[in-house]
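Visitor: I am new to this structure. Please take me through one part of it slowly, and explain your terms as you go.

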Protein chains: 2
Amino acid sequence: MEARIEKVKQQLQSQGYKLTPQREATVRVLLENEEDHLSAEDVFMLVKEKAPEIGLATVYRTLELLSEMHVVEKMNFGDGVARYDLRTESNKHHHHHLICVQCGSMTEIMEDWLIPLEERLEKEYGFSVLDHRLDFQGICAKCNAARASETKEETDK
Amino acid sequence: MEARIEKVKQQLQSQGYKLTPQREATVRVLLENEEDHLSAEDVFMLVKEKAPEIGLATVYRTLELLSEMHVVEKMNFGDGVARYDLRTESNKHHHHHLICVQCGSMTEIMEDWLIPLEERLEKEYGFSVLDHRLDFQGICAKCNAARASETKEETDK
DNA sequence: ATGAATGCAAACTTTTTGCAGGACT
DNA sequence: AGTCCTGCAAAAAGTTTGCATTCAT
C-alpha cells in the first residue's frame, strides 16, 4: 500500500507534479476501494472523511491528472457518470465486465482472453493496441437460475 | 429503407405508440447515418433540416423511446455524450471499435471475433451473453506510419 | 373530447473553469 | 518571488422535466 503511494508520488514528481495531501488522500481512497468503480462524487465523499476541507473540483482535477498519468482509468458504464479505476501494475487493464441486465450486478474477469485478437489486429489492420475494454451484457448465473424456477408463473408471455 | 421504417412503425404501434412525423424524421436520420454514432445533438441538427420545428427535448424523448424498444442502442464512448446506433436486424450488435489515441479516428470492424469467448462464458460462468462491446485503444496504421517517419525529429525524448 | 405527443423554457446533474488566496521551494 | 495547487463559486454542457398547446382519433 505505502509502496504504491510512493510509486504514484514518483510518477507525479517525474512530471513536475506534487503529491499533495489532497492527492494522496484521493489515491488512498482509490487503493482502499480497488474493487469498486467509484464515481467522482463517490471519491469525493470518501475523501471528505479523511480530508473534510477538500473541494469537489480538486477531486475532479486530481482524477483527471491521475488519468493522464495512467494511474487510474476513466470509464463509462452508460449511467451518466464517469467512474475511475486504479490501473494494475502491468499498466494494461485487462478487465472484462459481465453486466447483468436483470439484476445489474457486475462481475469482473481479470483473465485476458484477447491477446490473440490483438495480435490479429496488429497484423491485419496495422493497429497497435495500447488498451482495450470488453463488456458483456447478459443474464448472470443467479438470474438465469431464478428465471428457470419462475417459468411456471410466466405462462402469459 | 421504407421497409425498415414500416417495421419500426409496427413495433411502436404494438406497444401503443405512434410513429409521428417527428419520430419518423428521427428514424430516417438514423437510417441515413447508420455508419455513424450520432449524439442527440447531432441527430437534432440533422432532423432540423427535415423538420425545422422539432425541439431538442422531442429528439431526446424519441431516442429514449427507441432505445427502450431496442430499435436503437444507446452507447457511451467516454466523451461525455450519449451516442445512438440503429440496431442491426439480428438484434445483436457486434461492433468492434478501433479508437486511435493519437488522431481520435475510429474504425469499426463488423466481424465477430468473440463467439468463442461467449461460449466459454456460458460454460464457465453460466452467463448468457445478450450483447457485448469491445473497444481497442491504440495507434492506428496511419499514425503509426506518421510516427515512424518523424522519428528523426524526436531525438529529444 | 380524450389521451398521446410536442415545443418551449426551466430545472437538474455532472463536469469544467476563473480567480483569489495559500503552500512549498 | 515564483510556481503549483486549492477551495469556492460561477459557468458549461448534456439531459430531463413541467406545462400549456396541439394533434389524431
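Guide: Here is a close look at the surface near DNA strand C, followed by a helix pair behind part of it and a short look at DNA strand D.

This is a predicted model, in which local features need pLDDT of at least 70, side-chain atom pairs count only at pLDDT 80 or more, and totals for chains, interfaces and linings use all residues. Residues are numbered from 1 along each chain as its sequence is written, chains are lettered from A and ligands numbered from 1 in the order in which they are written, and side-chain values use heavy atoms, leaving out hydrogens and water.

Start with DNA strand C. It is surrounded by 18 residues. A residue counts as near when one of its heavy atoms lies within 4 Å of the strand. The closest are A:Tyr60, A:Ala82, B:Thr20, B:Gln22 and B:Thr58. Of the strand C atoms within 4 Å of the protein, 76% are sugar and phosphate.

Now the polar contacts. Each is a pair of N or O atoms within 3.5 Å; within protein, one must be able to donate a hydrogen and the other to accept it, and residues adjacent in sequence count only if both atoms are side-chain atoms. The side chain of B:Thr20 places an N or O atom 2.5 Å from a phosphate oxygen of DNA strand C. For the side chain of B:Thr58, the distance from an N or O atom to a phosphate oxygen of the strand is also 2.5 Å. A:Arg61 reaches a base: an N or O atom of its side chain is 3.3 Å from a base oxygen of DNA strand C.

Which elements give two or more residues to this surface? They are helix 4 (56–68) of chain A, with helix 2 (21–32) and helix 4 (56–68) of chain B. Helices (H or I, at least four residues) and strands (E, at least two) are DSSP runs, numbered from the N terminus. Helix 4 of chain A gives the largest share, 4 residues. By type, the surface has 8 nonpolar, 5 polar and 5 charged residues. Here Ala, Val, Leu, Ile, Met, Phe, Trp, Tyr, Cys and Pro are nonpolar, Asp, Glu, Lys and Arg are charged, and the others, Gly among them, are polar.

Next, the two helices of chain B. The axes of helix 2 and helix 4 come within 10 Å and cross at roughly 70 degrees. So helix 2 of chain B is roughly perpendicular to helix 4 of chain B (65 to 115 degrees). Axes are lines fitted to C-alpha atoms, for helices over the stretch in contact, with angles from 0 to 180 degrees between N-to-C directions. Contact means heavy atoms within 4.5 Å. On the helix 2 side, the meeting residues include B:Gln22 and B:Thr26; on the helix 4 side, they include B:Thr58 and B:Thr62.

B:Thr26 belongs to helix 2 of chain B. It is buried, with a relative accessible area of 0% (buried is under 20%, exposed over 50%, partly exposed in between, with a 1.4 Å probe and protein chains only). Not counting residues up to four places away in sequence, B:Thr26 touches B:Val43, B:Val47, B:Ile54, B:Thr62 and B:Leu63.

Finally, DNA strand D. The residues closest to this strand are A:Thr20, A:Gln22, A:Thr58, B:Tyr60 and B:Ala82. A phosphate oxygen of strand D is 2.4 Å from a side-chain N or O atom of A:Thr58. B:Ala82 uses a backbone N or O atom, 2.8 Å from a phosphate oxygen of strand D.

Conventions:
Angles under 35 degrees count as roughly parallel, over 145 as roughly antiparallel, 65 to 115 as roughly perpendicular and the rest as oblique.
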